[in-house]
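Colleague: I should like a close look at a single part of this model, followed by some account of its wider setting. Please begin with the local detail.

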Amino acid sequence: MRYLDKDAIENIAIGAAFLGTGGGGDPYIGKLMALSAIEKNGPVKLYSVDEIEDEDFFIPAAMMGAPSVLIEKFPKGDEFVKVFQKLAKYLGKEKIAGTYPMEAGGVNSMIPIVVAAQLGLPLIDCDGMGRAFPELQMVTFHLDGISATPMAITDEKGNIGIFETIDNKWTERLARTATVEMGASALVSLYPTTGGQLKQSGVHHIITLSEKIGEIISAKNRDAKEKLQELLKLVSGYELFQGKIVDVIRETKGGFNLGKINLEGMEGYKNEKMKVHFQNENLIAEKNDQVVAMTPDLLCLVDYETLLPVTTESLKYGKRVRVIGLPAHEKWRTEKGIETAGPRYFGYDYDYVPMEELVKKVVAEHV
Amino acid sequence: MYKLGIDVGGTNTDAIILDANHSLVHCVKSPTSLDIKTGIETALQQLLKEANIDKTKITHAMLGTTQCTNAIVERKKLARVGVIRLGYPATASVLPYTAWPQDIIEKLSGNYALVHGGYEYDGQLLGELDEVEIKVLLEEWRDKVESIAVIGVFSSIKNDQEFRVRDIIQDVYGEEFPVSCSSLIGSVGLIERENATILNAALCKVIETTTKGFVQALKQEGIFGAEVYLCQNDGTLMSIDYAKQFPILTIACGPTNSIRGASYLAQVKNTMVLDVGGTTSDIGVLQDGFPRESSVAVEVGDIRTNFRMPDIISVGLGGGSIVRVNNGKITVGPDSVGYRIGQEAMVFGGETLTTTDIAVRLGLAEVGDKSLVEHIDEKFAIDVLLEISSIIEHAIDKMKTSSDDVQLVIVGGGSIIVPDTIRGVSDIIKPENGNVANAIGASIAQISGQYEQIYIYSRESREDSLKDAQEKAVNQAELAGAVPKTIELVEVEETPLAYHPENATRLRVKVVGEMR
């Protein structure tokens, strides 16, 4: 067990935005919410998964909806107090032992910190993705057959809904509709889990990993190359490209931001091209028309010099970036994982090949 | 008739006079004083003494000044502000003044209240306004605040609540009491818009002194009949009354003025502009005669805001930048001998190697004593020039929106150090009188009006929406002092909003007209 203070939160916000692979919302407002909450209620306790009891009961907390709404209308802050009580009563549980994030991202890594501070609950060092994804069924608990419901959804006005659904895709559909009616941004609490299930199905140490990533990126007076090497080592990642954004094509379809980013190589990648496809999150990277990374593996764009993560909303011509690839958690690389969040689910005509193999292939051909 | 323009920069206060054809009659450069006011008076005095014109024929006087910026940066002369945010219970998780530096919160008295009100993203009511709640608050704040900032959730979509609160405040505290409404100041993004609105409210005393001081200085010099304007950061002017409502819009008007002045001198409307000073260079982009706006959050005095700002990048390269060799590698800047160039640069008998010395050595400029730099190796001088080119090339590339070559207009006192060819640039224009481009920009500015709102095209047709937005922008322009029949539409920006169930679009229009 350890405490998360202001510095830890600053670093987690950066690291989580990195793992958010372009999506996951504006890290600034998320960070302000978390910092305000600990200023008022004191630092938050962080437990590693090994420190929790198998029989204890845990509920995650997350924000659902449009990032563009969240920057204008953010939560009251104590919504979860009631929601947790309601959900516990509904489930017939007397005690909730802690909370945890659903995904890594600028906003959703911060919401559980707000909840933990307010309810005096411990935060558990795990999540259900190890990255960010757009839909509710895209979590490792779903892959292991855990039901998303009963789930609770609430807004700052005090409305609370409880859903019981026939499967997790229905949860996504119904929750999405409710979210729009609640003003395009809502707070959700789903996949109620036991300590045993968290140990079995969660992505462990994700908060600590985010914090370490943030520490490396925010270190002052250090050379970018040196920081990059340390970062790649920490996450077992690859630098896939260095380049300048020469074009961003965006469209909005079915409530998602879709698009393509065209990059022109620089430094060691002169005369080469890269194309990154995104749907809220970055999903596919093609270098010189050859695929080098695909979902569910992680594809992060960072500022060329500062290594600060770049969200898809802030992409624009002339920005210099590095493209970093990270292997996804092993649960995503199973048959069900690829079916749930692989290239074909998002409409790309590729069979999933792990990043390590793709990178090896490109290097071999290059030689 | 004549126009008089003054631009207060970090180093110099420039003053110029233009005739009816916008030709330069006379210009002076005088050092900027610590209090700014004395510097303006000195420049004005010198200008009028030397120009020898009929003062009664000065019809317009324009001031581009840094007083508001300085007040925020130095935390001086700021008003005590009360902040009213309409949105409770939403948004309580991040309260006003979160992440502000403590010293400025204290200066502003730190009074705030989160009350009922606000709208949803689609214009539905989030919360009803409680007028009793507002009145009770105002009784509590009586004599504690000198200015009030009103910020409603999604007021960029519907702002009637903000205006109602303004009316209540002026009913209770008097008609003259300064109230800043966020919907008129910033765009979507509550925290950033709130911060900009608070700063605007805090500047009400500074702008009062600034405008009074300028009018008085003009009177002292015998200029009585002139219309007086202040420069905004989008290259247009505002009347004194308008400036008193939106003092924050004067921030960063300096670089904007040089871009506009450069455009005027070079007679081009779409171009990139490089303004080379003594220590830094600013690069901006001119679109249809106006500077391109920044699309990201901008920090003013360590406070994150989102009000309109020109998209400018600054690099540490100027006429006084120091040239060094470190481990065989040539570096230029970012430090500079600055205003001491007349003593420290080699061509003036000093001992510091500057970019100006390199330019003189290579015959690009004739300043100081050429013989003092003859000993510099020519090959070395060329390498330094290549480094200068490379700094400029990188900066220009960052500002481009496509990979095509661009035209570049170069102005500013330090422009002699810039080589004649730059990669990524198709042609270079160095106009005459480029050293006072900023004051010229101040004098030729027009009057603008802007309006931004989210429209739902499936409910209100695109055509009607555009018309509505344009009408509101024209109203703004007239209020700011434009001649109605000269007002024309210069910019329409439509941003479709993701996640909205209906065809919602953020529409922003801008109109410009000749000054009254």
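In the hairpin of β9(B) and β10(B), how many residues lie between the strands, and which residue takes a positive phi?

Modeller: This is a predicted model, in which local features need pLDDT of at least 70 and side-chain atom pairs count only at pLDDT 80 or more, while totals for chains, interfaces and linings use all residues. Residues are numbered from 1 along each chain as its sequence is written, with chains lettered from A and ligands numbered from 1 in the order in which they are written.

The hairpin of β9(B) and β10(B) has four residues between its strands, and G235(B) is the residue with a positive phi, near 90 degrees. Strands here are DSSP runs of E of at least two residues, and helices are runs of H or I of at least four, numbered from the N terminus. Strand β9 of chain B covers residues 227-231 and runs antiparallel to β10(B), joined to it by three bridges; two strands pair if DSSP finds at least two bridges between them. Within this pairing, Y229(B) stands opposite S239(B).

β10(B) also pairs with strand β21 (residues 446-456) of chain B, here in the parallel sense and over two bridges. T236(B) stands opposite Q446(B) in that strand.

In a regular strand the side chains alternate between the two faces of the sheet. Strand β10 of chain B (residues 236-239) is covered on both faces: T236(B) and M238(B) are buried on one side, and L237(B) and S239(B) are buried on the other. A residue is buried if 20 or more other C-beta atoms lie within 10 Å of its own, exposed if 12 or fewer, and partly exposed in between, with C-beta atoms placed from the backbone.

As to the wider setting, the largest nonpolar core has 264 residues, and V81(B) is among those with the most contacts inside it, together with I29(A), I113(A) and V323(A). Such a core is a set of buried Ala, Val, Leu, Ile, Met, Phe, Trp, Tyr and Cys residues joined through C-beta atoms within 7 Å. Helix α1 of chain A (residues 6-19) gives the most to this core, with nine residues. Not counting residues up to four places away in sequence, V323(A) touches seven-angstrom neighbours such as L240(A), F241(A) and M274(A), contact being defined by backbone-placed C-beta atoms within 7 Å.

Terms used
Two residues are in contact if their C-beta atoms, placed from the backbone, lie within 7 Å.
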